[in-house]
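Dear colleague,

I am handing over the structure below, together with some notes on what was found in it. Please look through it before reading on.

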Amino acid sequence: MKGLRWRYTRLPSQAEDDLSGKEDEEEEEEKEEAAPAPEDPVEPQLVEASQVMGASEIRQLSLHLPPRVTGHSWSLAFCTSRDGFSLRSLYRRMEGHSGPVLLVLRDQDGQKFGAFSSSALRLSKGFYGTGETFLFSFSPQLKVFKWTGNNSFFVKGDLDSLMMGSGSGQFGLWLDGDLYHGGSHPCATFNNEVLARQEQFCIMELEAWALS
């Protein structure tokens, strides 16, 4: 009679079970750590190059725009180098646009500043716009002056001037009918600083970008 051969299966000990469990947890943690980082904010796509702003300035400004314009291309609706120094021409170029507009200019000192309007620039009997409207200046770092809630004097367009922000007879930003002279004063609408190096300035270049 042949001898019997026994087979046995070794069961893992409690310590080995614990070790295996830890390895599984570590693998899961590694997978979690390897998850892709959130995407950076979408940079705006300009239909054509800006003669006033550089890529860094455009990127900085885009972070302060309302979410509803994120991902929209920027179309150059008006620029003085192409359309001439005329506020009436600016209004004409705005016809057909109803969405928000970014107005940016460079003065005789090389200072860059402007405003974001929640709707297209147009002739008006009174002030229009919403609390999305703001003023900004690069001096040289970007400073943004948002709505304070003190009044609703956002934008007003006459044949002879364009005004943005007001209070106590002063305008945060105003431009004359020739788009050559302008001014900036602290105002209650935005509690802004003087956007230029001085309260009165001469415009060297001005652009209006349609963001819709």
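What follows describes a set of strands and then a patch on the surface. Please keep in mind throughout that this is a predicted model.

I would begin with strand 7, which covers residues 161–167, and whose seven residues out of seven are buried, so that this strand is largely enclosed by the rest of the structure. The cut-off behind that statement is that a residue counts as buried when its relative accessible area is under 20%.

Strand 7 pairs in the antiparallel sense with strand 6 (residues 155–157), over three bridges, and a hairpin of three residues joins strand 6 to strand 7. Within this pairing, G157 has L162 of strand 7 as its bridge partner.

Strand 7 also pairs with strand 8, again in the antiparallel sense, and here the pairing runs over six bridges. In this case S161 stands opposite D176 of strand 8, while the hairpin formed by strand 7 and strand 8 has two residues between them, with S168 in the turn showing a positive phi of about 55°.

Going on from strand 8 (170–176), one comes to the loop between that strand and strand 9 (181–183), and Y180 is found in this loop. Y180 has a relative accessible area of 38%, and is therefore partly exposed. Together with F85 and M204, Y180 makes a nonpolar surface patch of about 270 Å².

With kind regards

Notes
Residues numbered from 1 in each chain as written. Predicted model: local features only at pLDDT ≥ 70, side-chain atom pairs only at ≥ 80, totals over all residues. Heavy atoms only, no water. Patch = residues over 30% accessible without salt bridge, like charges linked within 9 Å, V, L, I, M, F, W, Y side chains within 5 Å. Areas by Shrake-Rupley, 256 points an atom, 1.4 Å probe, with all protein chains shown as cover. Salt bridge = Lys/Arg side-chain N within 4 Å of Asp/Glu carboxyl O. Helix = DSSP H or I, 4+ residues; strand = E, 2+ residues; numbered from the N terminus. Buried < 20%, exposed > 50% of the residue type's maximum accessible area, 1.4 Å probe, protein only. Pairing = 2+ DSSP bridges.
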